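Q: Please take a close look at one part of this model and describe it in connected prose. Give the cut-offs behind each term where it comes up.

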Amino acid sequence: MNCKTDLPVMLPVSKPEPEPFCGLRAWHILPLALLAIFGPSLAFAQSDEGVLSPLAVLMNWAPLLLKGFIFNLVISVSAMALGTVVGAMLGLGQISLIPAVRGGSWFVTQFFRNAPWLVLLFFAMFLLPFEIDLFGLKIPFPDWLKAILGLSLPVMANVSEIVRGAVNSLPSGQWEAAESLAYTRLQTLWLIILPQCVKRMLPPWMNLYSILTMATVLASIVGVSEVMTLTGQALASEGGRPELLAPFYGFVLLLFFVYCYPIARFTVRLEKKFAVIG
Amino acid sequence: MDLIFDWFRVLYQETGINLPFLYDEYDRNRMVDGFLTTIRLSLVCLFFSVIIGVIGAWLQGSGFKWTRRIVNGYIQLFRNTPPLVQLYFFYFAIGTLLPRVENDWGGQSPILGSFAWAAISLSFFAGAFNVEIFRSGIEAVPRSTVEAAEALGFSKLQIYRDITLPLAFRVVLPALNNNLVNLVKTTTLAYAIAVPEMLYEANQIWSDNVNVTEMMIFLLLAYFVLVGVLVGAMNRWERAMKIPGYG
């Protein structure tokens with residue numbers, strides 16, 4: 001999109017640019033955030049004997065919170081894997097030639113895309129059984145597994161839309177050329193269309209992963225013991241001291257920021273790299 | 001109307017499909033209140049997030065380096081952290097630091113309730129996305145249009161208000177609508193700090209009546225319809241606001 005003109009025409013919309021950032025780099029956020037979190041707690045630091053300062057309390061609990069955060073990441077990766085597999089099939093269903101399959105896939109996609117994540121999570125939590133009876137063999141169905149299923153539902157719908165969008169964004173000449181070379185529809189899709197789509201799907205897919213990672217804290221509302229639940233429990237066991245609230249919640253914010261920010265930067269870079277010129 | 005309500009009571013007695021928010025007046029009022037609270041929270045957040053977006057995008061174009069840095073820091077911080085943790089941070093961490101006021105019963109209550117904190121937190125969250133969206137729209141307005149306005153003696157504020165923003169607004173409408181639809185879905189998070197919105201009220205009803213399945217399915221359908229209506233209206237609006245010959 002490098003068309004230069006002096007005429008007063010509307011310029012094409014630029015992608016949300018990766019913020020020039022004028023000197024403020026990613027690692028600058030770290031000390032700033034640390035300051036924001038621990039600044040207020042230092043003010044409380046001149047406390048009485050025997051009471052640990054908020055910073056020391058946070059350091060005591062940090063290993064546990066980190067473990068909880070890793071659990072969040074496990075949930076996010078599993079839900080993403082499951083959602084991607086099912087969503088890809090659903091997306092291909094949306095471009096099927098059979099009207100019933102197309103319509104059905106479209107409806108399922110829209111339904112799960114329009115429902116709030118939290119409601120879907122509740123849906124999975126309360127409506128799935130806590131154990132499955134398979135040929136007399138009782139398989140337990142723990143909370144975290146239900147959370148993964150619940151979170152993979154919206155992921156599935158979004159992946160489906162990403163796949164459909166990517167396939168539709170390819171010029172129809174690709175299909176026609178493949179047809180003239182006597183490829184079957186399946187071959188065209190598998191050998192020609194999808195390989196080109198992967199490049200286009202990658203940035204929105206990563207974006208979705210980032211959103212999903214941030215949505216894993218929702219599992220705390222329905223009682224999965226991930227980082228947010230553990231934070232609440234840690235705060236409760238410290239006797240609910242109000243000066244601890246800001247450092248603890250700030251610490252959780254920081255954990256997610258440190259994980260998601262690089263993903264966001266990388267996504268923007270990929271988007272730029274794959275941008276079609278012209 | 002009563003006939004229909006009674007029919008649902010019969011439905012419950014005959015089949016066991018329990019929809020108390022239709023035949024029971026108390027539950028019906030709760031559900032309607034929840035629905036209205038969801039709408040109210042959505043509207044308040046929509047309004048403030050758009051305002052934050054407009055102001056933020058304007059500040060990003062400012063000549064001061066530090067203004068731009070702070071706005072960028074705000075965007076990155078709010079975009080890359082979970083909205084639920086932001087909500088908790090605002091409600092529990094900042095909410096407890098604020099002074100308390102005496103309420104009608106002589107007790108102490110926080111100066112801002114859960115609804116206010118949900119509105120503030122979600123507005124900031126959606127606002128961070130809106131700033132980026134508006135910025136991309138402002139960049140799409142050609143430099144020469146702004147120069148022409150300058151030549152006609154418009155002030156900087158007037159140019160932004162009367163020239164740049166109306167044009168940019170039309171360009172960003174699809175992205176903006178997408179974000180606003182997301183915002184409406186995010187209002188369910190207010191459940192976590194006990195704002196009596198639709199999910200919360202549904203939870204109350206299924207706790208009282210033990211009809212989780214029916215309520216869950218109703219809730220999914222309700223949100224599906226709510227968001228579907230919103231998306232439909234937004235698409236019509238987009239078509240009406242389209243700049244002829246662009247895009």
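**A helix crossing and its surroundings**

A: α5(B) passes α6(B) in a right-handed crossing; a crossing is right-handed if the near helix is turned clockwise from the far one by less than a right angle, and left-handed if anticlockwise. The model is predicted: local features need pLDDT of at least 70 and side-chain atom pairs count only at pLDDT 80 or more, while totals for chains, interfaces and linings use all residues. Residues are numbered from 1 along each chain as its sequence is written, chains are lettered from A and ligands numbered from 1 in the order in which they are written.

Helix α5 spans residues 83-97 of chain B and helix α6 residues 114-140, and their axes come within 9 Å and cross at roughly 135 degrees. Helices here are DSSP runs of H or I with at least four residues, strands are runs of E with at least two, and both are numbered from the N terminus. The axes are lines fitted to C-alpha atoms, for helices over the stretch in contact, with angles from 0 to 180 degrees between N-to-C directions. α5(B) and α6(B) are therefore oblique to each other, since under 35 degrees counts as roughly parallel, over 145 as roughly antiparallel, 65 to 115 as roughly perpendicular and the rest as oblique.

On α5(B) the contact is made by B:Pro83, B:Gln86, B:Leu87, B:Phe90, B:Tyr91 and B:Gly95, and on α6(B) by B:Ser114, B:Trp117, B:Ala118, B:Ile120, B:Ser121 and B:Phe125. Contact means that C-beta atoms, placed from the backbone, lie within 7 Å. By class, this contact has 8 nonpolar, 4 polar and no charged residues; Ala, Val, Leu, Ile, Met, Phe, Trp, Tyr, Cys and Pro count as nonpolar, Asp, Glu, Lys and Arg as charged, and the others, Gly among them, as polar.

α6(B) also gives 14 residues, the largest share, to the largest nonpolar core. That core has 123 residues, and those with the most contacts inside it are A:Leu121, A:Tyr249, A:Val252 and B:Val85. A nonpolar core is a set of buried Ala, Val, Leu, Ile, Met, Phe, Trp, Tyr and Cys residues joined through C-beta atoms within 7 Å. Buried means 20 or more other C-beta atoms within 10 Å of a residue's own, exposed 12 or fewer, and partly exposed in between.

Leaving aside neighbours within four places in sequence, A:Tyr249 touches A:Thr231, B:Val85, B:Tyr88, B:Phe89, B:Phe92 and B:Ala93. A:Leu253, in helix α9 of chain A, has B:Thr81, B:Val85 and B:Phe89 as its contacts on that same basis. A:Leu253 counts as buried, with 23 C-beta neighbours inside 10 Å.

These contacts belong to a wider interface, in which 41 residues of chain A are in contact with 44 residues of chain B. On the chain A side, the elements giving two or more residues are α3 (99-114), α4 (117-127) and α9 (242-274). The largest share, 12 residues, comes from α9(A). By class, this side has 36 nonpolar, 3 polar and 2 charged residues.

Elsewhere in chain B, B:Ala194 lies in the loop between α8 (156-186) and α9 (198-209). B:Ala194 has a positive phi of about 60 degrees although it is not a glycine, and is partly exposed, with 13 other C-beta atoms within 10 Å.

Technical notes
Contact = placed C-beta atoms within 7 Å.
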